[in-house]
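Please look through the structure below with its empty spaces and its aromatic rings in mind, and follow the chain as each part is taken up in turn.

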Amino acid sequence: MSTPHAFPLEPAPIHVPDGVLDDLRARLASTRAPLDEGNEDWSYGVPDSYLRELVAHWRDGYDWRRAEAAINAHEHYRVSVAGVPVHFMREPGRGPRPIPLILTHGWPWTFWHWSKVIGPLADPAAFGGDPADAFDVIVPSLPGFGFPGPLTGFPDVNFWKVSDLWHTLMTRTLGYEKYAAGGCDIGGIVSSQLGHKYADQLYGVHIGSGLPLDFFNGPRAWDFARNQPLTDDQPADVRARIVETDHRSASHLAVHMLDGATLAHGLSDSPAGLLAWLLERWRSWSDNGGDVESVFTKDDLLTHATIYWANNSIATSMRYYANANRYPWVPAHDRTPVVQAPVGLTLVTYENPPGVHTADERVRAFREGPQGAWFNHVNVTAHERGGHFIPWENPDAWVDDLRRTFRGRRP
């Protein structure tokens, strides 16, 4: 075993004050539900009948202290990076040559969505793997998404500015000369930006989705369909998929980019409203066959929701979208591919674009299409199981794919 990297910080376990939890229960007890007839099939959005169940459990059955204890089984730290308060969870690597790996979540994720993969990544032998694949795992909260609390002094926060923070965190604060990065959703483009701007100091990047770094640039970035209309000559399955994809994503993207602060007034005041807004995405973006609790138990849903609520972080979490457009991404160099660090991708057929049906077709479409040209991709895999929250929904696949990306790339 190699001598472990001397970690320069003292742990700071997370803790939500009792007063915050008391206030949460009081607000839940006084929830006023809307009239919601004819919506048992979720076709109008989150139905009152199901939300009532969750609100009642959040008020009377859910135990945050139990969740907090499970979260605190891992090391937690708080640090200031370029004046920005940052929380991260750490699991030290156990193996002959662990390399540092920073994993970045997205929206409406929390750092805890990585909880199923950090053990196998840090200690492969304990999960039937090869200890040579060990990582020293660093899992930060995106600033403004949760701990250490409400984000102030950073009103222009966005993905590429967080990439600069993460590079400072890993190299200056924590003292790593070189590191690996992984992420999904917003965390995927944070990681891609690291692989673009700081490629020489990365072993590589492993991401989901593979969005181009200029995804949020332009005057209509809020339009998920990019102003491409349905046409009469499109095959029926293509048209249906376009409509389905818009239904999943168009409202959240448009509201967050155009009017997020307005919505945040309601979501910061009402835990039931906050839960509904998050729940719609957790259900529609996960591969659950119509049963969200096949992917997230009630307690899982409420742990993630409590992290948002306790830190009053919904407003700054949504701000990332508008700021990615207001402060558009600009390339750091003109070399190709844009992301020059080695890149692995884990894709899922649940998110296949229109006209693409199987896992093999998804891999081929990515490699041969405009998205693939952005990346120095060395390992592209698609899976039939799992949705947007891949490391939560199909953790074994994520772990296997990520390990494969970095094999042969360690010192």
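In this predicted model, helix α11, which spans residues 314–326, gives the most to the lining of the largest cavity, with three residues. Helix α6 is also involved, since α6 and α11 each supply at least two residues of that lining. The residues that line the largest cavity are F159, I186, I189, F216, Y320, Y321 and A324, and they divide into seven nonpolar, no polar and no charged. The volume enclosed there is about 40 Å³.

The structure holds two cavities of 30 Å³ or more, and the second largest has a volume of about 30 Å³. Its lining is formed by P85, P143, G144, F147, P148, G149 and L151, of which five count as nonpolar, two as polar and none as charged.

How many residues line the largest pocket, and which of them lie nearest its centre? The lining is made up of 36 residues, and L211, F215, F224, T245 and P353 are the ones nearest the centre. The space in this pocket comes to about 1300 Å³. Three helices, α6 (186–197), α7 (236–258) and α12 (359–368), each supply at least two residues of the lining, and the largest share, eight residues, comes from α7. In chemical character the lining of the largest pocket is mixed, with 18 nonpolar, ten polar and eight charged residues.

From the empty spaces we can turn to the aromatic rings, for which a search of the whole structure finds 21 aromatic pairs. One of them is formed by W107 and W285, whose ring centres are 6.3 Å apart and whose planes stand at 70° to each other, an edge-to-face arrangement. This pair links distant parts of the chain, as W107 lies in the loop between β3 (99–104) and α4 (115–122), while W285 belongs to helix α9 (residues 271–285), 178 residues away. Residues under 20% relative accessible area are called buried; W107 therefore counts as buried at 0% relative accessibility, and W285 counts as buried because its value is 6%.

Another pair is made by F296 and F389, whose ring centres are 5.7 Å apart and whose planes meet at 80°, so this pair too is edge-to-face. Here again distant parts of the chain are linked, with F296 in the loop between α9 and α10 (298–310) and F389 in the loop between β8 (375–383) and α13 (390–393), 93 residues apart. F296 is buried because its relative accessibility is 0%, and F389 is buried with a relative accessible area of 0%.

F296 and F389 also take part in a cluster in which ring pairs link W109, W114, W282, F296, F389, W392 and W398. Within this cluster, W392 lies in helix α13 and, at 4% relative accessibility, counts as buried. The C-alpha atoms of W392 and A70 are separated by 16 Å, although these two residues are 322 residues apart along the chain.

Rings can also have a charged group over their face, and two arginines illustrate this here. R248 lies over the face of Y350, at 3.9 Å from the ring centre, whereas the charged end of R281 sits over the ring of W277, 4.0 Å from its centre.

Finally, an unreviewed UniProt entry places the feature "domain: Epoxide hydrolase N-terminal" at residues 10–113. In the model, the end C-alpha atoms of residues 10–113 lie 24 Å apart, and the span is 32% helix and 20% strand.

Terms used:
Residues are numbered from 1 along each chain as its sequence is written. This is a predicted model: local features need pLDDT of at least 70, side-chain atom pairs count only at pLDDT 80 or more; totals for chains, interfaces and linings use all residues. Side-chain values use heavy atoms; hydrogens and water are left out. UniProt positions are given in the numbering used here, feature names are shortened, and annotations may be inferred rather than shown by experiment. Helices (H or I, at least four residues) and strands (E, at least two) are DSSP runs, numbered from the N terminus. On a 1 Å grid over the protein atoms alone, a cavity is a set of points where a 1.4 Å probe fits but cannot get out, and a pocket is an open set with protein on both sides within 12 Å along at least five of seven lines; lining residues have an atom within 4 Å of a point. Grid points are joined across faces, edges and corners, and a volume is the space filled by probe spheres set on the points. Ala, Val, Leu, Ile, Met, Phe, Trp, Tyr, Cys and Pro count as nonpolar, Asp, Glu, Lys and Arg as charged, and the others, Gly among them, as polar. Rings of Phe, Tyr and Trp (its six-membered ring) pair if their centres lie within 6.5 Å; planes under 30 degrees apart count as stacked, over 60 as edge-to-face and the rest as tilted. Buried means under 20% relative accessible area, exposed over 50%, partly exposed in between (1.4 Å probe, protein chains only). A charge sits over a ring if NZ of Lys or CZ of Arg is within 6 Å of the ring centre and within 35 degrees of the ring normal.
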